[in-house]
Amino acid sequence: MRNGSIPGARGRVRPMTLFGGPVLHAPCEEVTDFGPELASLVEDMFATMYAAQGVGLAANQVGERLRVFVYDCPDDEEVRHVGHVVNPRLVETGGVVLRGPEGCLSLPGLEAGTERYDEAVVEGFTADGEPVRVRGTGFFARCLQHECDHLEGRVYVDRLAGWRRWRVLRQTARAPWGR
Ligand SMILES: [Zn+2]
């Protein structure tokens, strides 16, 4: 992202990979080429996230098996966080574990109470190859953990147990986009 530009403004909205799509359920690969294709993927991801009115998006949600995510997400103090991370590592989690409503653009219209740490720190790189460190609390910490999970091939449903898991799976099967 360059100074003065709106992330995603030059991006293309890509089709969303839905729950059950194989690319969503497999670990992504490390990015090794920090060239213009990576910058344009980040732009496309912002455009796709905004079009779907999401707060975060991982590359495998647009069909790319690469370790990249973007976000535009408020924390619990209504501070807005906007950015992207390439090859992110969740280096710290802390605070209390909270169960809160969580949804995903790959399971449109659904949500479930999911347990996440209240604090999270992610380290990685920008698309230009510069190191970044992102610290989040509250809802933004939830988002960071959710996006890191995506890159490991995990969705929030994988963190549910018992009736919460059963209910989401049943809703998925009944959803118009379900398979
Ligand atoms: Zn998601």
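# Strands, helices and annotated sites

Biologist: Which residue of strand 2 stands opposite Ala58?

Modeller: Strands (E, at least two residues) and helices (H or I, at least four) are DSSP runs, numbered from the N terminus. Strand 1 and strand 2 pair in the antiparallel sense over 3 bridges, and two strands pair if DSSP finds at least two bridges between them. In strand 2, the residue opposite Ala58 is Phe69.

Biologist: What kind of model is this?

Modeller: Residues are numbered from 1 along each chain as its sequence is written. Local features need pLDDT of at least 70, side-chain atom pairs count only at pLDDT 80 or more, and totals for chains, interfaces and linings use all residues; the model is predicted.

Biologist: In what order do the 5 strands of the open sheet stand?

Modeller: The pairing is antiparallel. The edge strands, each of which pairs on one side only, are strand 1 (56-58) and strand 5 (131-137). From one strand to the next the twist averages 30 degrees. The order of the 5 strands is 1-2-3-4-5.

Biologist: Over how many bridges do strand 3 and strand 4 pair?

Modeller: Strand 3 covers residues 80-103, and strand 4 covers residues 111-125. One bridge joins Pro101 to Gly113 in strand 4. The pairing of strand 3 and strand 4 is antiparallel, and the number of bridges is 13.

Biologist: What angle does the direction of helix 2 make with that of strand 4?

Modeller: Helix 2 packs on the sheet and touches strand 1, strand 2, strand 3, strand 4 and strand 5. Axes are lines fitted to C-alpha atoms, for helices over the stretch in contact, and angles between N-to-C directions run from 0 to 180 degrees. Between helix 2 and strand 4 the angle is about 80 degrees.

Biologist: How many of the 7 residues of strand 2 are buried?

Modeller: A residue is buried if 20 or more other C-beta atoms lie within 10 Å of its own, exposed if 12 or fewer, and partly exposed in between, with C-beta atoms placed from the backbone. By this count strand 2 is mostly covered. The number of buried residues in strand 2 is 5.

Biologist: How far does helix 1 reach from its first C-alpha to its last?

Modeller: Helix 1 has 16 residues. The expected span of a helix is 1.5 Å times one less than its number of residues, which for helix 1 is 22 Å. Close to that expected value, helix 1 reaches 23 Å.

Biologist: Against which strands do the buried residues of helix 1 pack?

Modeller: The buried residues of helix 1 include Leu38, Leu41, Val42 and Phe46. Two residues are in contact if their C-beta atoms, placed from the backbone, lie within 7 Å. The buried residues of helix 1 pack against strand 1, strand 2 and strand 3.

Biologist: Which residue in the turn between strand 4 and strand 5 has a positive phi?

Modeller: Strand 4 and strand 5 pair in the antiparallel sense over 7 bridges, and Val122 has Val134 in strand 5 as its bridge partner. The two strands form a hairpin with 5 residues between them. With a positive phi of about 90 degrees, the residue in the turn is Gly129.

Biologist: At which residue does UniProt place the feature "active site"?

Modeller: The UniProt entry is unreviewed; its positions are given in the numbering used here, feature names are shortened, and annotations may be inferred rather than shown by experiment. The residue lies in helix 2 (residues 138-151). Leaving aside neighbours within four places in sequence, the residue is in contact with Gly56, Ala58, Phe69 and Tyr71. UniProt places the "active site" at Glu147.

Biologist: Is Glu147 buried or exposed?

Modeller: Around Glu147, 25 other C-beta atoms lie within 10 Å. Therefore Glu147 is buried.

Biologist: What is the largest C-alpha distance among the residues of the "binding site"?

Modeller: The "binding site" annotation, from the unreviewed UniProt entry, covers Cys104, His146 and His150. These residues are spread over 47 residues of sequence, yet they cluster in space. Both His146 and His150 lie in helix 2. The largest C-alpha distance within the "binding site" is 10.1 Å.

Biologist: How far apart in space are Ser106 and Leu57, C-alpha to C-alpha?

Modeller: Ser106 lies in the loop between strand 3 and strand 4. Ser106 is buried because 24 other C-beta atoms lie within 10 Å. In sequence Ser106 and Leu57 are 49 residues apart, and in space their C-alpha distance is 9.4 Å.
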